[in-house]
Amino acid sequence: MLIVGGGYVGMYTALHLQRKLRRDEAEILVVDPEPYMTYQPFLPEAAAGSISPRHVVVPLRRTLDKCQVVTGEVLFIDHAKRTAGVKTLATEEEGTGPIDVHYDELILAPGSISRTLPVPGLADYGIGFKTVEEAIGLRNHVLEQMDIASSTRDPEVRDAALTFVFVGGGYAGVEALGELEDMARYATRYYHNIRSDDLKFILVEATGRILPEVGEEMGQYAVRELRGRNIDVRLDTRLDSCENRVAVLSDGSRFPTRTLVWTAGVKPHPVLAATDLPLNEHGRLECTAALQIQGVEHAWAAGDAAAVPDLTAEESGKPCAPNAQHAVRQAKVLAQNVVSSLRGNGLQDYRHQYVGSVASLGLHKGVAHVYGKKLKGYPAWFMHRAYHLSRVPTFNRKMRVLAEWALAGLFKREIVSLGSLENPRAEFELAAGTGRHPEAS
């Protein structure tokens, strides 16, 4: 049995399967480019220093101790031949092509990747926010910009360093902005020549609202809360260009900036296009309510990669939203259906009533719309933490995160940039006489 992806769906499905299946019933192989699963709702807190990066990830080999875990990338899938091409670190070292992996049952859960647009300069200066590496890199970058602003005598360089532009008003953009703005303004107390008011944070959203998942009223409250913190929220506005480190918006505004964070949506993983499986117009796998790939035997999918009909929606045929809430619940049903299929039993349709959403706007600030109840401020922030603590996988990670939160309440924030993490060999290369600067990329 081949599971492509070790994210929400991949890891949770494998976890359920290794508990339900006997070793003589199936061998489970999990393939993912990383040896860990990232709990993405905690990325903003990791970026702000509230949680250690290692506690945001769950090691696959330790958690899936009854599965075979391969760190590699699936390049293509020929389901007609029950074959997948897998590139691993070993195949790169050996200089050989991808190895063929044969399977009987296929579970596709590669997730999604950042959706970019052909904005001039975006590929050169944009920073993503989907992986733990990007979150920690962004934290280091923000603090380094404050170091630059503190030490320069050029007012243009200083203004650009202290201007931070976030594009995208969904969960990722708003929560990342809220946490990093909180951290940066706190950090100003340690700089002799930077005041909190010197920082300029700008949120750019192409639609007329942010955080649509929490409802219109709570979305409007979030806008008022952010603007009350001197954050410039631009609705119905697009990023037209960011060439030469200048963010040009559709309303004509121009902001010289050294920080442009792109969180404007996601798109299906490219491996889906390299399969012989049916895709919808958005590039997601066509699935039944039982999480089988439409019209194909022995193939299953869930999560961001799958267009699963939402049986609880008023609109017929509407797919489930590609979010963590559905992914975790789909994984449980998917695992049960795979086991039932192997044992010749009936399948269960995925049906889940959406309970609502919670979002953090920084330390002790948040919005929530859960079971029809609307919360804001500290209660919403507390609910956000409680919900995600209950959802982060493994008891080990739950306790580590809880311990860090408890310690954070007793001590001051850690405000330090470890810039060399992006370039661990830079110092040695300089010492070896290559002439490179320690922080050169």
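## Helices and the patch on H12

Helices here are DSSP runs (H or I) of at least four residues, numbered from the N terminus. One thing to keep in mind as you read on: this is a predicted model. With that said, helix H12 covers residues 395–408, and Met399 sits in it.

Met399 joins Phe395 and Leu402 in making a nonpolar surface patch of about 310 Å². How accessible is Met399 itself? Its relative accessibility is 37%, so Met399 counts as partly exposed. Just ahead of this helix comes Thr394, in the loop between helix H11 (378–391) and H12. Thr394 has a phi near 70°, which is a positive value in a residue other than glycine. Thr394 is partly exposed too, because its relative accessible area is 26%, and partly exposed runs from 20% to 50%.

## The nonpolar cores

Now for the inside. In soluble globular proteins, nonpolar side chains tend to be buried together. In this model the largest nonpolar core has 112 residues. Which residues have the most contacts inside it? They are Leu17, Leu64, Leu108, Phe166, Leu211, Ile293 and Val367.

Take Ile293 and look at its neighbours, leaving aside residues up to four places away in sequence. Ile293 touches Leu108, another of the core residues with the most contacts. The rest of its contacts are Leu277, Pro278, Leu285, Glu286, Cys287, Ala299, Trp300 and Ala301. Apart from this core lies another one, of 14 residues, and its members include Val167, Ala247, Leu249 and Ala264.

## Helix H1 and a buried histidine

His16 is part of helix H1, which covers residues 8–20. Is its side of the story buried or exposed? His16 is buried, because its relative accessible area is 15% and the cut-off for buried is under 20%. Not counting residues up to four places away in sequence, His16 touches Ala331, Lys332 and Ala335.

Ala335 also turns up in a distance worth checking on your screen. From its C-alpha atom to that of Glu94 is 35 Å, and the two residues are 241 apart along the chain. Glu94 belongs to helix H4 (residues 89–94). Its relative accessible area is 57%, so Glu94 is exposed.

## Cysteines without disulfides

How many disulfides does the model have? The count is zero. Cys320 shows why: the closest cysteine sulfur to its own is in Cys287, 10 Å away, which is too far for a bond. A disulfide would need the two sulfur atoms within 2.5 Å. Cys287, you may recall, is one of the residues that Ile293 touches.

Cys320 is also buried, with a relative accessible area of 2%. Cys242 is buried as well, at 3%.

## A turn with a positive phi

Asn244 lies in the loop between strand S14 (239–241) and strand S15 (246–249). Phi of this asparagine is near 55°, again positive in a residue other than glycine. Asn244 is exposed, because its relative accessible area is 65%, and exposed means over 50%.

## Salt bridges

Side chains of opposite charge can pair when their charged atoms come close. The model has 15 salt bridges. One of them pairs Arg22 with Asp24, whose closest N and O atoms are 3.2 Å apart. Arg22 is partly exposed at 48% relative accessible area, whereas Asp24 is exposed at 63%. This pair is also part of something wider: Arg22, Asp24, Glu25 and Arg343 are linked in a network of salt bridges.

Glu181 and Arg185 make another salt bridge, at 2.3 Å from N to O. Where do these two sit relative to each other? They are four residues apart in helix H8 (residues 171–187), so about one helical turn separates them. Glu181 and Arg185 are both buried. Glu225 and Arg229 meet in a salt bridge as well, with an N to O distance of 3.7 Å. Arg229 is buried, with a relative accessible area of 13%.

Notes:
Residues are numbered from 1 along each chain as its sequence is written. This is a predicted model: local features need pLDDT of at least 70, side-chain atom pairs count only at pLDDT 80 or more; totals for chains, interfaces and linings use all residues. Side-chain values use heavy atoms; hydrogens and water are left out. A nonpolar core is a set of buried Ala, Val, Leu, Ile, Met, Phe, Trp, Tyr and Cys residues joined through side-chain atoms within 4.5 Å. Buried means under 20% relative accessible area, exposed over 50%, partly exposed in between (1.4 Å probe, protein chains only). Contact means heavy atoms within 4.5 Å. Patches are made of residues with over 30% relative accessible area and no salt bridge: like charges are joined within 9 Å, nonpolar side chains (Val, Leu, Ile, Met, Phe, Trp, Tyr) within 5 Å. Accessible areas come from the Shrake-Rupley method with a 1.4 Å probe; for residues, only the protein chains shown count as cover. A salt bridge is a side-chain nitrogen of Lys or Arg within 4 Å of a carboxyl oxygen of Asp or Glu.
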